[in-house]
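Good morning, colleagues. Please look at the next model with me, beginning with the chain as a whole and ending at the ligand.

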Amino acid sequence: MLNTFPRTFTAVVAGSSRGIGLALVRELLASDRVELVIACARATGDSVGLQALGEQYGARLERFEVDMTRASTIAGAAERLKAARIRPHLVLNVAGLLHDEAVGLTPEKRLEDIDPAALERVFAVNTVGPAMMLRHFLPLMSRDGKAVFAALSARVGSISDNRLGGWYAYRSSKAALNQMLKTASIEARRRFSNLIIAALHPGTTDTDLSAPFQANVPNGKLFTQQFVAQRLLAVIDGLSSDDSGGFFAWDGQVVPW
Ligand SMILES: NC(=O)c1ccc[n+]([C@@H]2O[C@H](COP(=O)([O-])OP(=O)(O)OC[C@H]3O[C@@H](n4cnc5c(N)ncnc54)[C@H](OP(=O)(O)O)[C@@H]3O)[C@@H](O)[C@H]2O)c1
């Protein structure tokens, strides 16, 4: 796995406390090509999963406090890497928000459900945070060999594939994320020619995010976190510079914008 990357490299995963992000950290640490994983989360100390991986892998796992809604924490993480002269070959933004029962945030079913505060919060996590990751991490990434910046989007963010409607905030925040990634890929072609930028769709995965919506998922279509993490890393491994600016599903299929 990850054979298209340099023999040893550093990976950054933002949104690593649980779900797909934690599974990606676990898979990256299991690869002997990855010498260091920087796991970013807004409260790394609260993540039982990260704590266990820290005990297992010691200094190969570093934990940084990064909140997608606080740009200064994203800039601060990038500054720390710069000061340590660490140039990652892989940066993954996995953090995402669909619902938060604690503040009554649920995906909208109809127009009357659209709420400005909910829109702002979902966009802050799903679009603005990843845009700040692009801003602060792209200039830091290695210029040697293959390097990939990928963000977890969602097929429901596809405008041309939208048949069901609803989920205004989540759909549009992921559509805007896709546009951020595509736009950055055009600039990167000029400035950072070894860099590949991609949006990824993991498929419906058994996590807290999908938990309230799993009842209608057909048999065999609800993926485990480990399966998805392995599939996404295989897709990333298969990306070439011609793929930069693309949107890819867990099975490598192109997702329409
Ligand atoms: N699961 C699916 O079926 C599915 C389908 C399509 C796309 N996706 C996308 O895949 C990604 C991962 O989803 P998941 O299913 O693994 O979700 P999850 O289990 O709910 O995990 C969400 C992750 O995002 C982090 N996060 C939320 N708000 C944050 C903030 N302000 N700052 C930093 N981190 C924050 C969470 O950290 P805390 O622990 O601190 O809250 C957690 O690590 C998301 O982008 C999601 O949109 C998932």
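I shall take the overall fold, then one strand pair, then the ligand shell.

This is a predicted model: local features need pLDDT of at least 70, side-chain atom pairs count only at pLDDT 80 or more, and totals for chains, interfaces and linings use all residues. Residues are numbered from 1 along each chain as its sequence is written.

The chain holds 6 helices and 7 strands, where helices (H or I, at least four residues) and strands (E, at least two) are DSSP runs numbered from the N terminus. Along the sequence they follow the pattern β-α-β-α-β-α-β-α-β-α-β-α-β. The radius of gyration, taken over C-alpha atoms, is 17 Å, close to the 18 Å that the globule rule (2.2 Å times the number of residues to the power 0.38) gives for 257 residues, so the chain is as compact as a globular protein of that length.

Next, the strand pair. Strand 6 (residues 195-201) and strand 7 (residues 246-249) run parallel over 4 bridges; pairing requires at least two DSSP bridges. The connection between them passes through helix 6 (residues 225-238), and this β-α-β crossover is left-handed; a right-handed one would run clockwise from the first strand over the helix to the second, with the strands pointing away from the viewer. Within the pair, Leu 200 has Phe 248 of strand 7 as its bridge partner.

Finally, which residues come nearest to the ligand? Of the 26 around the ligand (C-beta atom, placed from the backbone, within 6 Å), they are Gly 19, Met 68, Gly 96, Thr 207 and Leu 209. Helix 1 (residues 19-30) supplies the largest share of this shell, 3 residues.
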